[in-house]
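Subject: Structure handover, salt bridges

Hello,

Please find the structure below, with notes on the charged side-chain contacts after it. Have the sequence open beside the model as you read.

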Amino acid sequence: VFRKTTTPGKLVWSYTASGDIDFEIVRRDAGKEIAIWPKITVTSLKLPEYGERCVTPGEYTLKFTNPSNTWFPVKINCAAEILNV
């Protein structure tokens with residue numbers, strides 16, 4: 001999920017996953033990715049996970065990866081938005 005803002009604001013997100021996932025948020029700056037939310041492994045199993053973070057102008061990416069070494073897919077439903085504050 002990519003979000004871009006030209007003004008300071010608040011990044012808010014909500015997601016559910018059907019299995020374990022790694023989740024992190026990064027900001028692109030001069031071609032480099034800077035973590036603004038550390039990579040964590042989440043075992044939510046269909047329970048909603050949500051959060052918010054104040055952000056400066058820039059491009060932000062919510063990254064989801066499947067840490068499992070199995071062939072079972074993980075279904076993710078996600079919504080994210082940057083609100084002007």
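R28 has a relative accessible area of 39% and is partly exposed. Please keep in mind that the model is a predicted one.

Two salt bridges of R28 are worth locating. In one of them the partner is E33, and the closest N and O atoms are 3.4 Å apart. E33 is also partly exposed, with a relative accessible area of 38%. In the other, R28 pairs with E59, where the closest N and O atoms lie 3.5 Å apart. This pair connects distant parts of the chain: R28 belongs to strand β3 (residues 21-29) and E59 to strand β6 (residues 58-65), with their positions 31 residues apart in numbering. E59 has a relative accessibility of 26%, so it counts as partly exposed.

Which residues are joined into one network by salt bridges that share partners? They are R28, E33, E59 and K63.

A further salt bridge is formed by the side chains of R27 and D29, at 3.7 Å from N to O. Is R27 buried or exposed? R27 has a relative accessible area of 16%, under the 20% limit, and is therefore buried. D29, at 38% relative accessibility, is partly exposed, because that value falls between the 20% and 50% limits.

For the model as a whole, the count comes to 5 salt bridges. Among them are R27 with D29, R28 with E33 and R28 with E59.

Regards

Notes:
Residues numbered from 1 in each chain as written. Predicted model: local features only at pLDDT ≥ 70, side-chain atom pairs only at ≥ 80, totals over all residues. Heavy atoms only, no water. Salt bridge = Lys/Arg side-chain N within 4 Å of Asp/Glu carboxyl O. Buried < 20%, exposed > 50% of the residue type's maximum accessible area, 1.4 Å probe, protein only. Helix = DSSP H or I, 4+ residues; strand = E, 2+ residues; numbered from the N terminus.
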